[in-house]
Amino acid sequence: MPAIGEIWNPTGTVAAVAVGEWNPGPRVVLLSYIATRPGMRSGGVGGPLLDRALARWRDTFDPCVVLAEVEDPRHFTASEDHGDPVARLRFYTRRSARALDIPYFQAALGPGKQRVRNLLLMVLHAGPSFAGRGTDTLRGDFLRQYIELYQEACEGTVGTDPEALALFAAIDRPGGVPYLDFSAL
């Protein structure tokens, strides 16, 4: 079930929109899309939109986590069509988002599609009871359940290839999944 947040500008048109996908089994919301009308980027619209959407999703769903898939600026460069990965990462970190230290890829979104590699899986919100046993970590059990469901829905099966196995090994670490040290970016 999609969950949507939006901000309108004074002329009555949508200025920005955030779309989140709720998965009730593992209680995860994935921010699948956030967009700002052309000419309004860096105009102070996206931050309030994300804050509002996160508050709405927390109140409506009480999720374990709210996640976002973000291009890793170590592997992607800025472009007119796709924006600036460094600026995008700064946008999320200003809102206390943190990246998990895992070799993350977006599942292929249908037959004939390719996985999108070299992404960061960002935690935009995590309930306090979902911290791992280790210092500064997130529990991996519900995260693994979510990613397995996500892969199965998108690719038709849970991955057993080396790339998927490396992802699951990183999630299954004893003590929890550590957050990435952003000073390394």
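**Fold, cores and pockets of the predicted chain**

From one end of the sequence to the other, the chain runs through the pattern β-β-β-α-β-α-β-β-β-β-α-α-β. That gives four helices and nine strands in what is a predicted model. Of the 185 residues in the chain, 45% are buried. Contacts also reach across the sequence: where the two residues are at least 6 apart, 64% of the contacts join residues at least 24 apart. The accessible surface amounts to about 9800 Å², and carbon and sulfur atoms account for 53% of it.

A good place to start looking is the interior. The largest nonpolar core holds 28 residues, and the members that touch the most others are Leu67, Leu100, Ile102 and Ile147. Two or more residues of this core come from each of strand S3 (28–36), strand S4 (65–71), strand S6 (104–106), strand S7 (116–126), helix H3 (141–155) and helix H4 (162–171). Helix H3 is the greatest contributor to this core, with six residues. Leu100 makes a helpful landmark here. Apart from neighbours within four places in sequence, Leu100 is in contact with Leu121, Val123, Leu138 and Leu143, and also with Val177, Pro178, Tyr179 and Leu180. A second core, separate from this one, contains 25 residues, among them Leu50, Val66, Val70 and Leu124.

Attention can now turn to the pockets. The largest has a volume of about 1300 Å³. Its lining is made of 43 residues, of which Ile34, Ala35, His82, Arg88 and Tyr92 are the closest to the centre. Strand S2 (14–23), S3, helix H1 (46–61), S4, helix H2 (85–93), S7 and H3 each give two or more residues to this lining. Strand S3 gives the most, with seven residues. Sorted by class, the lining of the largest pocket comprises 23 nonpolar, eleven polar and nine charged residues.

The second largest pocket encloses about 180 Å³ of space. Among the 15 residues lining this pocket, Ile102, Pro103, Tyr104, Asn118 and Leu119 lie closest to its centre. Ile102 is thus met again, having appeared among the residues that touch the most other members of the largest core. Strands S6 and S7 each provide at least two residues of the lining of the second largest pocket, and S7 supplies the largest share, four residues. By class, this lining consists of eight nonpolar, two polar and five charged residues. Strand S7 therefore links several parts of the picture, as an element, by the DSSP runs used here, that gives two or more residues to the largest core and to the lining of the largest pocket.

Technical notes: Residues numbered from 1 in each chain as written. Predicted model: local features only at pLDDT ≥ 70, side-chain atom pairs only at ≥ 80, totals over all residues. Heavy atoms only, no water. Core = buried A, V, L, I, M, F, W, Y, C linked by side-chain atoms within 4.5 Å. Buried < 20%, exposed > 50% of the residue type's maximum accessible area, 1.4 Å probe, protein only. Contact = heavy atoms within 4.5 Å. 1 Å grid on protein atoms, 1.4 Å probe; cavity = no way out; pocket = protein on both sides within 12 Å on 5 of 7 lines; lining within 4 Å. Points joined across faces, edges and corners; volume = space filled by probe spheres on them. Nonpolar A, V, L, I, M, F, W, Y, C, P; charged D, E, K, R; others polar. Areas by Shrake-Rupley, 256 points an atom, 1.4 Å probe, with all protein chains shown as cover.
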